[in-house]
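These are my notebook entries on one model. I set down what I looked up, entry by entry.

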Amino acid sequence: MIINDLSKTINQKPVLKNLSFQLAPSEIVGLIGRNGSGKTTLFRLIAEHYLPDAGDIQVNGRSIFTDKHQKQAIFFIDEKENFLRAYSLQRILGFYQKAYIDFDENLFLQLIQQYQFRLSSLYRQLSKGNQRLVQIILAICSNATYLLLDEPFDGLDVIVKKEVIGLMMEHLGEHRSALIASHNLNELENLIDRALLLKDHTIFKDYHLEEMRQHARKIQMVFKTKKVPLVVKEQSKLLSFQGRVITAIFESYSEELEQAIKHFEPLLYEELPLSLEDLFEANLKPKPHRLQKEVSL
Ligand SMILES: Nc1ncnc2c1ncn2[C@@H]1O[C@H](COP(=O)(O)OP(=O)(O)OP(=O)(O)O)[C@@H](O)[C@H]1O
């Protein structure tokens with residue numbers, strides 16, 4: 001899937017501007033951003049619930065806006081405008097069989113039985129966790145190539161969360177891709193290969209997590225004075241600054257950089273595990289009002 005220069009304004013307010021990225025089949029990608037940053041709007045555009053003001057979305061080399069057949073490749077349930085509520089699982093099965101020609105009815109019936117749902121049950125009468133499970137089952141059984149999952153872990157207990165993750169891992173396979181918007185960064189981190197950070201109406205960062213883990217370091221440091229060395233300030237994203245304890249992320253860490261910092265003879269210099277939550281905070285936390293003083297080499 002190629003998303004090219006997508007822009008959307010809603011009520012005179014720009015929500016997405018010149019947003020571009022590509023999604024390969026078999027990738028599991030996280031879409032992360034602060035509340036109101038436009039994640040659901042992006043999903044609605046890809047699912048054609050909204051039309052973009054500018055830009056294009058291509059699947060298999062064809063624009064989804066001109067070649068309606070490409071819709072088959074995309075699965076999205078809009079949690080905020082969920083039409084499933086009024087229907088039984090039996091009726092919902094019928095809708096999705098019509099919408100997706102490759103819908104796997106046998107797998108649907110097998111999973112419904114495995115999780116002890118009844119086809120006659122109304123969707124709205126299921127608990128929130130079970131509704132999410134049904135959504136994941138529909139996503140898997142649709143056989144769509146690109147699954148857009150909006151907050152799939154929201155409000156789930158640990159056991160259901162593990163079920164949802166297990167189901168996805170078991171059934172996604174080699175030829176399908178998931179774009180998952182979630183504030184549950186700990187769960188997301190164990191699932192995704194890539195994280196797209198949405199900020200200022202566009203994809204602000206595209207992290208390939210394996211690569212990022214090789215090059216980035218989270219370091220906790222204490223210096224003799226309260227001033228942050230310029231090299232730290234310039235080359236890191238500060239996570240916290242409490243008393244004299246500085247915790248920072250260096251995205252391009254190197255031995256030379258380490259030597260330059262150690263030149264300031266830190267009292268403490270310790271590497272800490274780097275998480276997706278750290279990247280979220282480092283990139284998306286508002287800058288502190290009062291800038292710290294610095295010294296240079
Ligand atoms: N139908 C709409 N009418 C008016 N404003 C809208 C509409 N849809 C989205 N917006 C606005 O667009 C912005 C992005 O909203 P969106 O729901 O896409 O964000 P989000 O990243 O999914 O947020 P969250 O993480 O809180 O779910 C918000 O400011 C929202 O108020």
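**Entry 1. Ser26.** I began with the exposure of Ser26. Ser26 counts as partly exposed because 14 C-beta neighbours lie inside 10 Å, and a residue is called exposed at 12 or fewer and buried at 20 or more. I placed Ser26 in the loop between E2 and strand E3 (28-33). I then read the backbone: phi of Ser26 is near 85°, a positive value in a residue other than glycine. I noted this since most residues other than glycine have a negative phi.

**Entry 2. Glu48.** I looked up a further positive phi. Glu48 is not a glycine, yet has a positive phi of about 65°. Glu48 sits in the loop between H1 and E4. Is Glu48 buried or exposed? Neither term applies: Glu48 is partly exposed, because 16 other C-beta atoms lie within 10 Å.

**Entry 3. Confidence.** I record here that the model is predicted. The mean pLDDT of the protein is 91, and 96% of its residues reach 70 or more. The model scores are ipTM 0.97 and pTM 0.90. Which residues stay under 50 in pLDDT? I found residues 289-297 in that state, and for them the model has 15 contacts beyond four places in sequence. Where pLDDT is low, the predicted coordinates should not be read in detail. I therefore do not interpret individual contacts of residues 289-297, where pLDDT stays under 50.

**Entry 4. The sheet with E1.** I traced an open sheet of four strands, in the order E2-E1-E4-E5, with antiparallel pairing. Strand E2 (13-22) and strand E5 (62-63) are the edge strands, each pairing on one side only. Strands of a sheet pair through backbone hydrogen bonds, either parallel or antiparallel.

I then went through the partners of E1. Strand E1 (residues 2-10) and strand E4 (residues 54-59) run antiparallel and are joined by four bridges. On this side I find Ile2 opposite Gln58 in E4, and Asn4 opposite Asp56 in E4. E1 and E2 also run antiparallel, with six bridges between them. On that side Leu6 has Leu19 of E2 as its bridge partner, and Lys8 stands opposite Leu16 in E2.

The hairpin of E1 and E2 has two residues between the strands, and Asn11 takes a positive phi near 50° there. I also checked the helix: H1 lies across E1, E2 and E4 and runs at about 65° to E2.

**Entry 5. Gly55.** I selected Gly55, which lies in strand E4. What is Gly55 in contact with, leaving aside its neighbours within four places in sequence? The contacts I found are Asn4, Asp5, Leu6 and Ser7. I also looked up Lys17, which is 38 residues from Gly55 along the chain; their C-alpha atoms are separated by 9.4 Å. Gly55 is partly exposed because 18 other C-beta atoms lie within 10 Å, where 20 would make a residue buried.

**Entry 6. The ligand shell.** Which residues surround the ligand? I list Ile10, Asn11, Val15, Gly33, Asn35, Gly36, Ser37, Gly38, Lys39, Thr40 and Thr41. By class, the shell divides into eight polar residues, two nonpolar and one charged. Helix H1 (residues 39-46) supplies the largest share of the shell, three residues. Asn11 links this entry to Entry 4: this shell residue is also the one with a positive phi in the hairpin of E1 and E2.

**Entry 7. The sheet with E11.** I traced another open sheet of four strands, ordered E13-E14-E11-E15 and paired antiparallel. At its edges are strand E13 (237-242) and strand E15 (268-272), each pairing on one side only. Direction ignored, neighbouring strands of this sheet are turned by 20° against each other on average.

How many bridges join strand E11 (residues 217-222) to strand E14 (residues 245-250)? I count six, and the two strands run antiparallel. Within this pair, Met221 has Ile246 in E14 as its bridge partner. Helix H10 (residues 276-284) packs on the sheet and touches E11, E13 and E14. The direction of H10 makes about 90° with that of E13.

Terms used
Residues numbered from 1 in each chain as written. Predicted model: local features only at pLDDT ≥ 70, side-chain atom pairs only at ≥ 80, totals over all residues. Near = placed C-beta within 6 Å. Nonpolar A, V, L, I, M, F, W, Y, C, P; charged D, E, K, R; others polar. Pairing = 2+ DSSP bridges. Contact = placed C-beta atoms within 7 Å. Axes fitted to C-alpha atoms, helices over the stretch in contact; angles between N-to-C directions. pLDDT = per-residue confidence, 0-100.
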